[in-house]
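Q: Please take a close look at one part of this structure, the part where aromatic rings meet, and then go on to single residues that deserve inspection. A connected account would be more useful to me than a list.

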Amino acid sequence: MKKILFSVLIIFLNFSCSLDYDSSFSDSLDESIPTSRLYGVKRVQVQGGQPKVTFQAEEAIVWEKREETELIKFVFNEFGSGRDVITTGEAEYLLISDNNDAKIQGHIQGYSLRNEASVKAENLSWLDEKRELSSMEESRVTIMMDNGSLLEGAGFVADLYTNTTIFSSGIGGSLESGSKDE
């Protein structure tokens, strides 16, 4: 009797709990409905067996049809060849596309060990192919360098290929030269 009951239970479970989901369901989702929503997310990008970049976020919302992911309250770290952190950043919101272009908003703070400078802003855009970080024309950006220099302005564009920074309006601040001992 126990064998029959167990066999019936197994047959019932096989018919009622199928993992063969119809992919047409996710294909038919409206663009206003996310594909997935994750909490307490950490993503590590590895290059040559070493961690290259990490993202941590309180929440991640994936939009497969739009080919975008939203990160809420995120922290970013880029690692050098010796696994040392060379760039850090954080903000309230990040919208990143599958081509790695991004829009960043809310209490943005970042630091580059390579450039010995930090940046503060309320909104920035990243164009990955151009390696360009920029702000909206009227949005103010502050750059503080380790040597004591401070630059502020609107219309910020930083070209990471040429390591140049441009402000188009409202420029102010102070540039320090020489070393701290001089």
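A: Burial is given here as relative accessible area for a 1.4 Å probe and protein chains only, where buried means under 20%, exposed over 50%, and partly exposed in between. The model is predicted, so local features need pLDDT of at least 70 and side-chain atom pairs count only at pLDDT 80 or more, while totals for chains, interfaces and linings use all residues. Residues are numbered from 1 along each chain as its sequence is written, and side-chain values use heavy atoms, with hydrogens and water left out.

The structure holds 3 aromatic pairs, a pair being two rings of Phe, Tyr or Trp (its six-membered ring) with centres within 6.5 Å, stacked if the planes are under 30 degrees apart, edge-to-face if over 60 and tilted otherwise. One of these pairs joins phenylalanine 55 to phenylalanine 74, with 6.4 Å from centre to centre and 45° between the planes, and it is classed as tilted. Phenylalanine 55 belongs to strand S2 (residues 50-63) and phenylalanine 74 to strand S3 (residues 68-79), so this pair ties together parts of the chain that are 19 residues apart in sequence; strands are DSSP runs of E, at least two residues, numbered from the N terminus.

Phenylalanine 55 also pairs with phenylalanine 76: the ring centres are 5.3 Å apart and the planes stand at 50°, so this pair too is tilted. This second pair again links distant parts of the chain, from phenylalanine 55 in S2 to phenylalanine 76 in S3, over a separation of 21 residues. Ring pairs thus bring Phe55, Phe74 and Phe76 into a cluster. As for solvent, phenylalanine 55 counts as buried because its relative accessibility is 13%, and phenylalanine 76 is buried as well, because its relative accessible area is 19%. Phenylalanine 74 is likewise buried.

Strand S3 also holds lysine 73, whose backbone merits a look, with phi near 50°, a positive value in a residue other than glycine. With a relative accessible area of 41%, lysine 73 is partly exposed. A positive phi near 50° recurs at histidine 107, again a residue other than glycine. Histidine 107 is found in strand S5, and this residue is exposed because its relative accessible area is 52%.

Two further residues can be followed through their contacts, which are heavy atoms within 4.5 Å. Serine 97 lies in strand S4 (residues 85-97), and once its neighbours within four places in sequence are left aside, serine 97 is in contact with Glu67 and Glu68. Glutamate 152, in strand S9 (residues 150-154), has a longer list on the same terms: Arg140, Val141 and Thr142 are among its contacts, and Phe167, Gly170, Ile171 and Gly172 are also included. The relative accessible area of glutamate 152 is 30%, so this residue is partly exposed. Glutamate 152 and serine 174 are 22 residues apart along the chain, and their C-alpha atoms are separated by 9.2 Å.

Note on methods: Helices (H or I, at least four residues) and strands (E, at least two) are DSSP runs, numbered from the N terminus.
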